[in-house]
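Reader: I am new to this vocabulary, and I would like to see how each term is earned. Could we go through the terms one at a time, setting the values against the definitions?

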Amino acid sequence: MTNAVWEPQHHSIVTVDMEGFGSPTRTDPIRAGLRRDLDSLIRMAIKRMAHSEALSAEGDTGDGKWLLFRSDLPKTSILQDFMPALETGVRHHNRAANSAAALRLRIGVHHGEVTVDAQGHSGEQLNHAFRIIDNDVIRDALKATKRDVVVVVSDDFYDKIIRPGYGSLEPESFAPVKIAVKETTTVVWLDSAYALASPARADLPTARPVPAGQQAPPRVMTLRDLPPTTLYVAITDIHNAALYRRRFPEAPVVQHLEAALLLADKAVIHCADPYRSAQVAKTVQELLPCVAAGDLLFLLGENTQNPRTHFRGYIDFKIQQYGKSELGQNDVASLEQVEGDAIERAEALLGVSPYALIRGFSGSDAFNRAVRQDLRPTELVTICEHFAASIVSQLGLTLRQLLDLSHQAADGTLSRVVADPATVGRLQDHVNQLANHNSFSRQILMEAIRRGTGITEADAAYEAFEERVSLLHLAGTTGGLPHLEVTNRRDRLSVYYFGHLLDHLSVLSEVPHPGRFGGELVMELRALPIWRFFASYHTRLVGHLIHQTRDEPPTGEPSSGFDWSRRVPEFEGIRTVVRRYWEASA
């Protein structure tokens, strides 16, 4: 063997590792199939590169691959051509695969000298390319996202190829995290959607700061851009949370956020919710990877397209706006009576999101139209018993029907429950005047109803007014986006009710649930390829069970329908994950 054999050669290096390759849910034939599928997907991705003979060498690691690319191949081609093609191939593969045969990959990108001898290829740079993906930080990054691939770029590759901005690579779309494995402690670079949410995120203020003004602004999107499988979480709003607590010990803010992320592709809350509520902020912090991935979004107020720079001004503007109304004291108090760090914590959370979600229409105008429509005369309703005991209290009456509600006594005499016709007419005129101003809000509307009718919280119909006003506000300001319910009575009759999903997973895993899902469990379940199917299966099943409960004669315990899920072998991965988390929390 001559010395020439030992001469190192410079290569771009890509390492690939399959998540959960040795999982007990996978048999040896499945593992063999995964190896073949991965090899095929890599071959197809390489065909998208600038050179038809892009590879110099490759190797198999059992649960992954390593690839050495030709030294004359533009290194930008790895991230611009090869990686998108491989990610697309994996995504299409997983759509047709069951959970045991799905691919989820950690991919490392590095460069450096590699030595070849009679035994094969070796060298410190090849070792480094494996270590940047073989650590808990990167494993957790993949678990925390529903994406199928996490790409990890070495510090040196970022410094020499990405940071200068070669090709179409954007340095600001990457963020650093610290890793430590074996003898290596270093910084690697991830897509900012993963890195910003990682507890290992590296603080490098003096290393390679992004020049001022060059931070990538959030991508603006409207409610119409969201998939129809998006859910709006309403009780993160402090007013809706108070309404929920009227019939329930605590507003299940945590459970609603977790359930929305499990049952929908995306979940939305209002941008002011983590500002006004420390509980909401804490829960969002636990789910930060979902924020960074764009799966948990903040609906911004009007004229707030960049929360990183506009949020403080938005809060100040709303305080001034509501302060102009004599009925706006509740709104002003909700924005002023907050913790000292409220503005900073909200800005920090909103700044993680890669998106700026706006309505795309005037929320104030839409709410005004909804209220005016609801106050129009319509069919009169008469009850023959106390409102709280009447089935009418469970119906969705309009504001006008509630105001015109009559009671018929045993002797046949009629009396108005809330207000006489003259009072209703004056109230309608007053509300129409209020609705002409931008300061109009649901709290202002409720205060007008209280003052105009004399109704108080002790009145049986008061909660019905609160519920109706809240629903009108949601319908107007969220553009008809599906939402989780604002009262426990309505919540229990919803396919999105968190209690149904907790019960279902408890039956499936045969472990008592702890009353919530847990942020880490939410993210791991969302990452399972089978989860989306399970969520759809769950909502269809619950819809049928609710129909049985409400509209058919009793035929047994409806929740027994969850038992069947234990017979579905594809749900075994879900069962295993849930048992691991819930048994540990018992």
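Reader: What lies 3.2 Å from the backbone nitrogen of Gly-518, and why is such a pair called a polar contact?

Author: The partner is a polar atom of the side chain of Glu-258. A polar contact is a pair of N or O atoms within 3.5 Å, where, within protein, one must be able to donate a hydrogen and the other to accept it, and residues adjacent in sequence count only if both atoms are side-chain atoms. The 3.2 Å between Gly-518 and Glu-258 therefore falls within that limit. Before going on, please note that this is a predicted model, in which local features need pLDDT of at least 70 and side-chain atom pairs count only at pLDDT 80 or more, while totals for chains, interfaces and linings use all residues. Residues are numbered from 1 along each chain as its sequence is written, and side-chain values use heavy atoms, with hydrogens and water left out.

Reader: Why does Glu-258 count as buried?

Author: Buried means under 20% relative accessible area, exposed means over 50%, and partly exposed lies in between, all with a 1.4 Å probe and protein chains only. Glu-258 has 1% relative accessibility, so it counts as buried. Glu-258 lies in helix H8, residues 253–263, where a helix is a DSSP run of H or I with at least four residues, a strand is a run of E with at least two, and both are numbered from the N terminus. In H8, 11 of the 11 residues are buried, so this helix is largely enclosed by the rest of the structure.

Reader: Which residues does Glu-258 touch?

Author: Contact means heavy atoms within 4.5 Å. Not counting residues up to four places away in sequence, Glu-258 touches Arg-516, Phe-517, Gly-518, Gly-519 and Val-522. Phe-517, in turn, touches Gln-255, Ala-259 and Leu-262, and also Phe-498, Leu-501, Leu-502 and Leu-505, among others.

Reader: What makes a group of residues a nonpolar core, and which members touch the most others in the largest one?

Author: A nonpolar core is a set of buried Ala, Val, Leu, Ile, Met, Phe, Trp, Tyr and Cys residues joined through side-chain atoms within 4.5 Å. The largest core has 106 residues, of which Phe-465, Leu-505, Phe-517 and Ile-574 touch the most other members. Its largest share, 8 residues, comes from helix H23, residues 531–551. Apart from it lies another core, of 37 residues, including Phe-21 and Phe-157. In soluble globular proteins, nonpolar side chains tend to be buried together.

Reader: How do you know what span helix H21 should have?

Author: The expected span of a helix is 1.5 Å times one less than its number of residues. H21 (residues 498–509) has 12 residues and should span 16 Å, and because its end C-alpha atoms are 16 Å apart, the two values agree. H21 is also mostly covered, with 10 of its 12 residues buried, among them Phe-498 and Leu-505. Just after H21, Glu-510 takes a positive phi of about 60 degrees.

Reader: Is Pro-24 buried or exposed, and why?

Author: Pro-24 has a relative accessible area of 79%, which means that it is exposed. Pro-24 is found in the loop between strand S1 (9–18) and helix H1 (28–46).

Reader: How many disulfides does a search of the whole structure find, and why is Cys-271 not bonded to Cys-290?

Author: The search finds 0 disulfides, a disulfide being a pair of cysteine sulfur atoms within 2.5 Å. The closest cysteine sulfur to that of Cys-271 is in Cys-290, and it is 19 Å away, so it is too far for a bond. Cys-271 counts as buried, at 0% relative accessibility, and Cys-290 counts as buried at 1%.

Reader: What makes S7 and S8 a pair of strands?

Author: Two strands pair if DSSP finds at least two bridges between them. Strand S7 (residues 174–181) is joined to S8 by 8 bridges, and the two run antiparallel, so the requirement is met. S7 and S8 form a hairpin with 2 residues between them, and Lys-182 in the turn has a positive phi of about 50 degrees. Strand S6 (residues 149–154) also pairs with S8 in the antiparallel sense, over 3 bridges.
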